[in-house]
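Biologist: Before I rely on any label attached to this model, I would like to hear the reasoning behind it. Could we go through the terms one at a time, setting each value against its cut-off?

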Amino acid sequence: KALDVYEIVHELCVSGSYKNLEFLSHLPDHYEPGTDFREQWVQEVTADRNLNDDERSLLLSFGSVLGTSDAEGQLMSVEAALETVRTLEVRRSEEYQQKGRLYRSLGMLFGTMAGIMII
């Protein structure tokens, strides 16, 4: 569609698919003279406490290239960001599996301790 950054933010907010990215709801969805979209992007991404450092870093670098080139350049930037997201997804899945095993083991350990204390 070749939307500008404000229209993209509006579409993302309206879709509801990205409601976990709270910073999107704080970004402007229309141009206001005297404001810089990328500065607002950095400010809102930095302020979003639901993002960890890797995700924040990815979003900050992605926001720095939004709206700075033609549609083809933007697509290349999106593809590069998607590749980084895939890498993060694999890493997070591995962390989840490791921590899940740890918490399950701790649950069994505390259950056993409680059973012994009752006896």
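Biologist: Why does Phe37 count as buried?

Modeller: This is a predicted model, and in it Phe37 has a relative accessibility of 4%. Buried means under 20%, so Phe37 counts as buried.

Biologist: What makes Trp41 buried?

Modeller: The relative accessible area of Trp41 is 5%, and because the label applies under 20%, Trp41 is buried as well. Phe37 and Trp41 both belong to helix H2, where they are four residues apart, about one turn of the helix.

Biologist: How do you know that the buried residues of H2 line one face of the helix?

Modeller: The buried residues in H2 are Phe37, Trp41, Glu44 and Val45. Viewed down the axis of H2, these buried residues fall within an arc of 100 degrees, so they line one face of the helix. As background, an α-helix has 3.6 residues a turn, so residues three or four places apart point the same way. On the other side of H2, Glu39 and Gln43 are exposed, while the buried residues pack against H1 and H3.

Biologist: Why is the aromatic pair of Phe23 and Trp41 called edge-to-face?

Modeller: The whole structure has four aromatic pairs. In the one formed by Phe23 and Trp41, the ring centres are 5.2 Å apart and the planes make an angle of 80 degrees. Rings pair if their centres lie within 6.5 Å, and planes over 60 degrees apart count as edge-to-face, so the pair of Phe23 and Trp41 meets both conditions. This pair links distant parts of the chain, since Phe23 sits in the loop between helix H1 (5-15) and helix H2 (37-47), whereas Trp41 is in helix H2, 18 residues apart. Phe23 is buried, and so is Trp41.

Biologist: What makes the pair of Phe37 and Trp41 tilted?

Modeller: Here the centres are 6.1 Å apart, with 45 degrees between the planes. Stacked rings are under 30 degrees and edge-to-face rings over 60, so an angle of 45 degrees leaves the pair of Phe37 and Trp41 as tilted. Ring pairs also join Tyr6, Phe23, Phe37, Trp41 and Phe62 into a cluster.

Biologist: Phe62 interests me; which residues are the closest to the centre of the largest pocket?

Modeller: The largest pocket has a volume of about 1,100 Å³. Of its 34 lining residues, the closest to the centre are Leu12, Tyr18, Leu59, Phe62 and Val78. By class, the lining has 24 nonpolar, four polar and six charged residues. H1, H2, helix H3 (53-65) and helix H4 (71-118) each supply at least two residues of that lining, and H4 gives the most, with ten.

Biologist: Why is Asp29 called partly exposed?

Modeller: Asp29 has a relative accessible area of 38%, and because partly exposed covers the range between 20% and 50%, Asp29 is partly exposed. Asp29 lies in the loop between H1 and H2, and touches Tyr6 and His10, leaving aside residues up to four places away in sequence.

Biologist: How do you know that Glu55 is partly exposed?

Modeller: The reasoning rests on a relative accessible area of 29% for Glu55; because the range runs from 20% to 50%, Glu55 is partly exposed. Glu55 is found in helix H3, and its contacts are Asn50 and Arg92, not counting residues up to four places away in sequence.

Technical notes
Residues are numbered from 1 along each chain as its sequence is written. This is a predicted model: local features need pLDDT of at least 70, side-chain atom pairs count only at pLDDT 80 or more; totals for chains, interfaces and linings use all residues. Side-chain values use heavy atoms; hydrogens and water are left out. Rings of Phe, Tyr and Trp (its six-membered ring) pair if their centres lie within 6.5 Å; planes under 30 degrees apart count as stacked, over 60 as edge-to-face and the rest as tilted. Buried means under 20% relative accessible area, exposed over 50%, partly exposed in between (1.4 Å probe, protein chains only). On a 1 Å grid over the protein atoms alone, a cavity is a set of points where a 1.4 Å probe fits but cannot get out, and a pocket is an open set with protein on both sides within 12 Å along at least five of seven lines; lining residues have an atom within 4 Å of a point. Grid points are joined across faces, edges and corners, and a volume is the space filled by probe spheres set on the points. Ala, Val, Leu, Ile, Met, Phe, Trp, Tyr, Cys and Pro count as nonpolar, Asp, Glu, Lys and Arg as charged, and the others, Gly among them, as polar. The arc is that of the directions from the helix axis to the C-beta atoms. Contact means heavy atoms within 4.5 Å.
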